[in-house]
Amino acid sequence: MNTPMTALSALSLALLSAPAAGEAPTLESQADLASTDDTLAWDFVEGITTEVGPRQAGTEAEARARAWAMQWLMAKGFANVADEPFMMDTWVPGDIARARVTAPFAQDMVVLPLGNSAATPVGGVEAEVVFFRTVDDLRAAPEGSLKGKIAYISHQMRPAQDGSHYGFAGPARWVGAGIAASKGAIATVIKSVGTDYHRNPHTGGTSFPEGVKPTPAGALSLPDAENLERMFARAGGRPVTMKIEMNPRQIGQTQSGNVVAEVVGRNPSLPPVLLACHIDSWWNAPGAFDDGAGCGIIAAAAFHVKHSAQPLRTIRILMAGAEETGLWGSQAYSKAHLDEPVAVGIESDFGADRIWRFDSNFRETNPALHKRIASAVARFGVSTSNEVATGGADLNIVRDQKGALVDLQQDGTRYFDLHHTPDDTLDKIDKAQLRQNVAVWTQVVGILANQETAILTGTPIPAASPIMQAQ
Ligand SMILES: [Zn+2]
């Protein structure tokens, strides 16, 4: 159910929608107002984390999140709010996740299963642990050398503003267990792909290659992983053994869905501007940063653009389902809508900290538009670069159409402290930084949604239809 508006947020909304001297505010003034007064993005993320909480893909909790988001979008006046269902292979984490070093220094460790992990036998498995500093070291291990053993992968991640170290450390989680299983390992544990030092394992998806039977796979919290490494250093050649027990399982096909909504443009026959986020989270986190905030940001921006003036193009919101467990919603959306051209896609899925850089994939093909956006967001402290935007995970449709993409890069310095942990909670969101996101998005989406020429190339689009000329 939707949250009744508090008196304060009602007042802020009234202020935000009050046109100066009886006129609609300009896009610029609306974006400026959002940077100081927006309450919508917070209202969304506060609401969904409070009333729904964790929303694992393909489960009843994710269905409740969709219903909640649809209510919220309708209450805020969005058009064409819908749930577009799709089927997916669903994995659930179970309720047992235990790890204990049994020798030479017996101690419990904090572990959580990785998505797609198999279960251990009841009572667990116990075996010698083989230590790999990096994924490449694991790749270099001889075939069959891990038979009957547990692989441990270290592969330490470091914080970076652009989150780029995720690309280095991520493979430990994404492919480590599959490689180890292919060499005979009966289970794999990794050092969490994360940058905090809480005893919170970072979960996330892993995968097993075709023909390799899934094994139990878990993430140790960083403090526990480092403890394990110290045990190896002090073991003096004695084997390090571990007992693991977990009971996650695949439950077959279940239904998920994509929540869509629109601000209808003056010329709905033009390709829309697509704003994406994902509505699911891992079971262990209320998903404030990942990605309740992103959904709040995109919806708030669309709302503010509409308030400055009805945009030329339709603004379409895509709150994708089942992103975390394999981009099921992104793929389903592309499959369902591939023959409907999208003008440009933008995604918010990197927390709620300040946007610091604007990238596009039309800097060379439509330099005038790229420059116009870059100069419009400079007042919010946003730079540009020569990087080419590639779009987020939920923008498969735009990549499949080889369309225009914008990336609004958020500061990810602390993102991987929280990512996929129980610490991804509302209190981590800084309201001023959240509003800066909404302001930048409002400015950028407003420009794009009123673009009269093709966004990727700047070439003219077909003449305006009568519906537009009538405005
Ligand atoms: Zn995410």
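Two strands are said to pair if DSSP finds at least two bridges between them. In this predicted model, eight strands joined in that way form an open sheet, in the order β1-β10-β12-β11-β13-β16-β14-β15, and the pairing within it is mixed. The edge strands are β1, residues 79-92, and β15, residues 383-388, each of which pairs on one side only. Neighbouring strands of this sheet are turned by 25 degrees against each other on average, direction ignored.

Before going further into the fold, it helps to know how far the coordinates can be trusted. The mean pLDDT of the chain is 94, and 93% of its residues reach 70 or more. Two stretches stand apart from that picture: pLDDT stays under 50 over residues 1-20, for which the model has 21 contacts beyond four places in sequence, and it also stays under 50 over residues 464-471, which have eight such contacts. Where pLDDT is low, the predicted coordinates should not be read in detail.

Within the sheet that runs from β1 to β15, one pairing can be followed residue by residue. Strand β14, residues 355-360, and strand β16, residues 404-410, pair in the antiparallel sense over five bridges, and Ile-355 stands opposite Gln-410 of β16. Helix α9, residues 288-308, lies across β10 (249-263), β11 (273-278) and β12 (315-320), and runs at about 155 degrees to β11.

A further open sheet of eight strands has the order β3-β2-β9-β5-β6-β7-β8-β4, again with mixed pairing. Its edge strands are β3 and β4, the latter covering residues 111-113, and each of the two pairs on one side only. Here neighbouring strands are turned by 30 degrees against each other on average, direction ignored.

The mixed character of this sheet can be traced through β5, which spans residues 125-132. Strand β5 pairs with β6 in the parallel sense over four bridges, with Val-129 standing opposite Ile-150 in β6. Four bridges also join β5 to strand β9, residues 241-246, but these two strands run antiparallel, and Ala-127 stands opposite Met-242 of β9. On from β6, the pairing with strand β7, residues 187-191, is parallel over four bridges, and Thr-188 in β7 is the bridge partner of Ala-151.

What, then, covers the faces of β6? In a regular strand the side chains alternate between the two faces of the sheet. In β6, residues 150-153, Ile-150 and Tyr-152 are buried on one side, and Ala-151 and Ile-153 are buried on the other, so that both faces of the strand are covered.

Helix α8 is one of the elements to examine around this strand. It comprises residues 222-234, 13 in number, and reaches 18 Å from its first C-alpha to its last, close to the 18 Å expected at 1.5 Å a residue. Leu-222, Asp-224, Ala-225 and Leu-228 of α8 are buried; because they cover an arc of only 165 degrees around the axis, they fall on the same side of α8. Arg-230, Ala-233 and Arg-234, on the other side of α8, are exposed. The buried residues of α8 pack against β2 (97-103), β3 (107-109), β6, β7 and β8 (217-220), while the helix as a whole lies across β2, β3, β5, β6, β7 and β8, running at about 95 degrees to β8. After α8 comes Gly-236, whose phi is positive, near 60 degrees.

Some backbone details remain. Most residues other than glycine have a negative phi, and most peptide bonds are trans. Against that background, a cis peptide bond joins Ala-103 and Pro-104, with omega about 5 degrees, and Pro-104 is found in the loop between β2 and β3. The peptide bond from Asp-290 to Asp-291 is also cis, with omega near 10 degrees, and Asp-291 lies in helix α9.

Two residues other than glycine have a positive phi. For Leu-327 the value is near 55 degrees, and its place is in the loop between β12 and α10 (328-337). Leu-327 has 18 other C-beta atoms within 10 Å and is therefore partly exposed. Lys-402, in turn, has a positive phi of about 55 degrees and is found in the loop between α12 (396-400) and β16. With 9 other C-beta atoms within 10 Å, Lys-402 is exposed, since 12 or fewer is the cut-off for that class.

Technical notes. Residues are numbered from 1 along each chain as its sequence is written. This is a predicted model: local features need pLDDT of at least 70, side-chain atom pairs count only at pLDDT 80 or more; totals for chains, interfaces and linings use all residues. A residue is buried if 20 or more other C-beta atoms lie within 10 Å of its own, exposed if 12 or fewer, and partly exposed in between; C-beta atoms are placed from the backbone. The expected span of a helix is 1.5 Å times one less than its number of residues. The arc is that of the directions from the helix axis to the C-beta atoms. Two residues are in contact if their C-beta atoms, placed from the backbone, lie within 7 Å. Axes are lines fitted to C-alpha atoms, for helices over the stretch in contact, and angles run from 0 to 180 degrees between N-to-C directions. pLDDT is the predictor's confidence in each residue, from 0 to 100.
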